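Trainee: Got a minute to walk me through this one? I'd like to know what I'm looking at before I start asking silly things.
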Amino acid sequence: MSSVAGVVVTHGPHPELDRCLAALGPQVDELVVVSNPPAPAVDARLIVNEKARGFAANANRGIAETTAPFVVLANADTEARPGAVAALRDFADEHPRCGIAGPLLLNSDGTFQPSRRRFPTVTGTIVRRTPLRAVLKPQQRQRSHYMLDERHVEPIQSDWMLGAFLLLRRRMLDELGGFDEGFRLYGEDIDLCYRAGQAGWERWFVPYAGVLHAHAAVTDKRFLTRQTLWHWRSIARFVRKHPERLRNI
């Protein structure tokens with residue numbers, strides 16, 4: 001069995017962080033927490049930035065501090081169910097072109113969270129990330145984007161999956177140069193999955209690996225926030241990098 005490192009990114013102290021580490025720690029061989037200031041108190045190896053950095057930069061820093069052939073990158077608001085990491089690792093071990101494996105994400109109450117998605121389109125993004133959302137209700141009209149009508153019980157290949165909790169193959173990360181640190185927050189997971197696909201790496205959704213995710217979804221609830229600005233900047237960067245996606249209106 002291949003060893004697995006765990007990297008948890010947090011933006012300072014987080015109310016869910018202790019629970020995240022307690023669940024993830026016993027399932028990995030190395031555990032690193034990368035935090036923006038102020039420093040949280042954790043029972044793990046801790047790396048604290050001198051100043052706040054984006055999610056992609058923090059992820060890369062944590063990954064660089066580990067050595068295992070697989071890395072689980074996790075948000076502080078996730079809680080891996082027992083056996084989740086082993087299920088992802090075993091699947092990836094059996095599929096040598098699997099560069100990214102994502103679990104079934106569940107809301108805190110155990111209900112389904114749509115984490116497996118299609119690559120975004122321009123028109124769909126405009127609806128989701130502007131006040132049009134309140135009128136057009138994308139989670140009803142864009143069911144194919146969120147893949148709401150697909151509830152798979154066996155692994156299936158995917159365009160991309162939410163970066164809240166992903167198992168990543170180090171060889172793929174080395175080949176791609178890791179996450180693009182030009183993404184401050186949001187979009188770095190879409191970009192990594194897209195570049196992985198372009199390079200021939202598979203992205204698999206593994207539904208029998210379960211992870212709870214207390215998803216705040218700030219940009220789904222409020223507009224004209226700092227997070228909304230970061231989201232739009234990420235969208236613009238993705239389009240600049242991958243203009244061929246504009247054909248998929």
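Mentor: Sure, one term up front: buried means under 20% relative accessible area, exposed means over 50%, and partly exposed is in between, with a 1.4 Å probe and protein chains only. Also, this is a predicted model, where local features need pLDDT of at least 70, side-chain atom pairs count only at pLDDT 80 or more, and totals for chains, interfaces and linings use all residues. Residues are numbered from 1 along each chain as its sequence is written, and side-chain values use heavy atoms, with hydrogens and water left out.

Trainee: Okay. Is N58 buried or exposed?
Mentor: N58 is buried, because its relative accessible area is 0%. The residue sits in helix α2, residues 55–64. Helices here are DSSP runs of H or I with at least four residues, strands are runs of E with at least two, and both are numbered from the N terminus.

Trainee: And what is N58 in contact with, leaving aside its neighbours within four places in sequence?
Mentor: V9, H11, V34, N36, N49 and R53. Contact means heavy atoms within 4.5 Å.

Trainee: R53, hm. Which residue does R53 form a salt bridge with?
Mentor: With E181, and the closest N and O atoms are 3.8 Å apart. That pair links distant parts of the chain: R53 is in the loop between β3 and α2, E181 is in the loop between α8 (170–176) and α9 (188–198), and they are 128 residues apart. For a salt bridge, a side-chain nitrogen of Lys or Arg has to be within 4 Å of a carboxyl oxygen of Asp or Glu.

Trainee: How covered are those two?
Mentor: R53 is partly exposed at 31% relative accessible area, and E181 is partly exposed too, at 42%.

Trainee: How many salt bridges does the structure hold?
Mentor: Eight. One of them joins R45 and E65, with 2.6 Å between the closest N and O atoms. R45 is in strand β3 (residues 45–48) and E65 is in the loop between α2 and β4 (70–75), so the pair ties together parts that are 20 residues apart in sequence. R45 counts as partly exposed at 43%, and E65 does as well at 32%.

Trainee: Any with buried partners?
Mentor: Try D191 and R195, whose side chains meet in a salt bridge at 2.9 Å, N to O. Both D191 and R195 are buried. They also belong to one network, in which salt bridges with shared partners join D180, D191, R195, R237 and K241.

Trainee: How far apart are D191 and R195 along helix α9?
Mentor: Four residues, which means they are separated by about one helical turn.

Trainee: Switching topic: helix α11. Which of its residues are buried?
Mentor: T228, W230, H231, S234, I235 and F238. Seen down the axis of α11, they fall within an arc of 160°, so they line one face of the helix. The arc is that of the directions from the helix axis to the C-beta atoms. On the face turned away from that buried side you get exposed R226, R233 and R240.

Trainee: Does its length add up? What should α11 span?
Mentor: The 16 residues of α11 (226–241) should span 22 Å at 1.5 Å a residue, and the end C-alpha atoms are 23 Å apart, which agrees. The expected span is 1.5 Å times one less than the number of residues.

Trainee: Now strands. Which ones does β6 get joined to?
Mentor: Eight bridges join β6 to β11 (residues 202–213), running parallel, and two join β6 to β10 (165–169), running antiparallel. Two strands pair if DSSP finds at least two bridges between them. I100 stands opposite R203 in β11, while A101 has L167 as its bridge partner in β10. As for cover, nine of the nine residues of β6 (98–106) are buried.

Trainee: Any odd backbone spots?
Mentor: Most residues other than glycine have a negative phi, and most peptide bonds are trans. Here the peptide bond from P37 to P38 is cis, with omega near 0°, and P38 is in the loop between β2 (30–35) and β3. Y186 has a positive phi, near 80°, and is found in the loop between α8 and α9.

Trainee: And the overall tally?
Mentor: The chain has 11 helices and 11 strands, and buried residues make up 54% of its 249 residues.
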